[in-house]
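Trainee: I'd like to go through how the chains in this structure meet. Could you take me through the terms as they come up?

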Protein chains: 4
Amino acid sequence: MSYARQMIETNPSGPAVDVEVLAECIEACFDCAQACSACADACIGEGDIQMLARCIRLDLDCADVCDATGKMLSRQTAFDMEMARVALTACAQACRLCGDECERHAEHMEHCRVCAEACRRCESACDNVLSTMGV
Amino acid sequence: MSYARQMIETNPSGPAVDVEVLAECIEACFDCAQACSACADACIGEGDIQMLARCIRLDLDCADVCDATGKMLSRQTAFDMEMARVALTACAQACRLCGDECERHAEHMEHCRVCAEACRRCESACDNVLSTMGV
Amino acid sequence: MSYARQMIETNPSGPAVDVEVLAECIEACFDCAQACSACADACIGEGDIQMLARCIRLDLDCADVCDATGKMLSRQTAFDMEMARVALTACAQACRLCGDECERHAEHMEHCRVCAEACRRCESACDNVLSTMGV
Amino acid sequence: MSYARQMIETNPSGPAVDVEVLAECIEACFDCAQACSACADACIGEGDIQMLARCIRLDLDCADVCDATGKMLSRQTAFDMEMARVALTACAQACRLCGDECERHAEHMEHCRVCAEACRRCESACDNVLSTMGV
């Protein structure tokens with residue numbers, strides 16, 4: 001069992017949403033923050049900065065938003081629906097924008113293909129949490 | 001002149017929004033991330049965890065969101081209006097929720113009073129950037 | 001294969017250290033940042049703040065350091081040995097201090113037991129990267 | 001008075017080191033994280049990625065380390081000398097490496113000149129805290 005899942009189940013404050021949906025979203029956020037940080041770096045190493053400036057920028061933005069959202073979702077004490085809703089909405093949107101951009105380069109750059117996959121998974125995981133929250 | 005302001009003016013990509021409004025928002029985001037991190041710690045030091053659990057939680061959430069938003073706004077290359085809009089909306093909301101909670105304790109705890117002030121300033125700075133973006 | 005591993009292998013700049021050792025350390029850093037964020041929250045939910053203040057504090061410190069180190073290790077372009085060395089040293093130490101504190105509470109609190117495990121794995125992963133760097 | 005200074009003075013746990021030295025270091029860390037994030041972006045906007053790859057990379061590393069150190073220093077509860085020492089050492093070193101690299105470009109790029117200044121100030125602020133800690 002992943003640490004995220006174990007941490008949810010051992011928290012004295014029960015989770016506000018379904019355990020599996022929540023654990024998957026936390027993991028997807030941290031994985032996406034990692035992939036986006038790595039993709040920005042890989043793009044810088046490619047050298048064609050003109051073509052990749054937007055990709056690097058969205059990678060960095062998406063990494064920051066996923067990082068914040070992953071940490072927020074790791075907290076179960078005094079969970080606030082409204083706070084979660086705006087963070088998840090921002091995160092799903094960041095992943096959509098970054099995933100779209102990475103996909104444009106996926107055919108020629110494998111790191112963009114992998115990163116797009118991490119973004120899609122995270123976007124979908126955020127949407128799933130929003131759904132279980134009835135948003 | 002603050003570093004934030006100098007960094008905006010020396011960036012080869014011109015700012016997407018008014019320089020003063022943007023610089024103020026970047027500074028407010030970083031200041032609020034600092035104040036919220038410090039307020040969470042001060043609350044833990046107070047000892048009355050039952051009364052302050054929600055405050056600590058929102059402090060930590062707000063610090064994470066302000067941190068992500070402050071870094072995003074520090075980037076001017078390939079600025080994306082939609083990305084900025086969702087991040088600023090989430091940040092303004094995080095500051096509003098955290099500011100409201102801190103204000104409830106402001107009379108008895110000076111750190112909550114100062115932190116509420118930092119949250120109010122940041123919420124308003126985010127709203128100002130959203131306004132200049134025509135949102 | 002994990003995203004971290006795939007991102008390493010698709011980066012145009014080859015990794016400065018052994019791929020497996022590096023991938024394991026990146027994953028351990030992000031996992032530990034997650035576990036520590038969750039453990040701080042779980043401790044706040046426990047209510048006995050006097051006993052857990054040091055644990056919460058080290059959890060938050062360790063999460064921040066692991067987060068920074070995980071992102072730094074995700075970059076392969078213009079890798080700087082000295083930068084990596086000081087970050088890995090700080091991270092191993094943060095994990096040791098936090099792991100020691102969590103272990104003290106592990107018998108009575110499962111979240112501290114799981115978090116101590118994440119800290120031990122990350123400390124050891126950082127030490128392994130340092131070893132392959134010849135430090 | 002800055003928020004950082006006010007937050008130190010209203011924390012129920014007294015500061016472990018001199019208030020002014022600590023406040024200056026917290027502010028320098030957050031300012032440097034901002035300047036480095038902005039400088040990485042400005043470098044990407046410059047277009048000459050071959051010459052600036054190392055600068056971008058160190059900017060991103062330094063921003064992450066300063067961010068973690070600024071948050072850690074904002075905590076006064078259960079302060080741990082050893083944790084502070086390794087974080088401050090890593091931060092001073094990150095600022096030295098990034099400041100050196102930015103300085104190499106300072107003559108031709110104003111954002112590197114401003115960023116080098118922020119790095120120097122932060123390196124020196126970290127060294128000052130280490131000195132007052134007797135390290």
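**How the chains meet**

Mentor: Between chain D and chain B, the rule finds 2 salt bridges. Before we go on: this is a predicted model, where local features need pLDDT of at least 70, side-chain atom pairs count only at pLDDT 80 or more, and totals for chains, interfaces and linings use all residues. Residues are numbered from 1 along each chain as its sequence is written, chains are lettered from A and ligands numbered from 1 in the order in which they are written, and side-chain values use heavy atoms, with hydrogens and water left out.

Trainee: What makes B:Asp67 and D:Lys71 a salt bridge?

Mentor: The term needs a side-chain nitrogen of Lys or Arg within 4 Å of a carboxyl oxygen of Asp or Glu. Here the N to O distance is 3.7 Å, so the pair fits the rule.

Trainee: Which elements give two or more residues to the side of chain D that touches chain B?

Mentor: In chain D they are helix H1 (3-9), helix H2 (19-46), helix H3 (49-73) and helix H5 (110-132). Helices here are DSSP runs of H or I with at least four residues, numbered from the N terminus. H2(D) brings the largest share, 14 residues.

Trainee: How many residues are in contact between chain D and chain B?

Mentor: Contact means heavy atoms within 4.5 Å, and 36 residues of chain D are in contact with 37 residues of chain B.

Trainee: How do you know that the copies meet through the same surface?

Mentor: Look at the overlap: 100% of the interface residues of chain D are also interface residues in chain B, so it's the same surface on both.

Trainee: What area is buried between chain D and chain B?

Mentor: About 3100 Å², with carbon and sulfur atoms giving 63% of that. Buried area is the accessible area (1.4 Å probe) that two parts lose on being put together, summed over both. On the chain D side, D:Tyr3, D:Met7 and D:Gln34 lose the most, together 25% of what that side buries.

Trainee: Why are chain D and chain B said to be related as by a two-fold rotation axis?

Mentor: Copies are superposed by least squares on C-alpha atoms of residues with pLDDT of at least 70 in both. Chain D lands on chain B with an RMSD of 0.0 Å after a turn of 180° and a shift of 0.0 Å along the axis. The two copies are therefore related as by a two-fold rotation axis. In chain D, the C-alpha nearest that axis belongs to D:Phe30, 3.3 Å from it.
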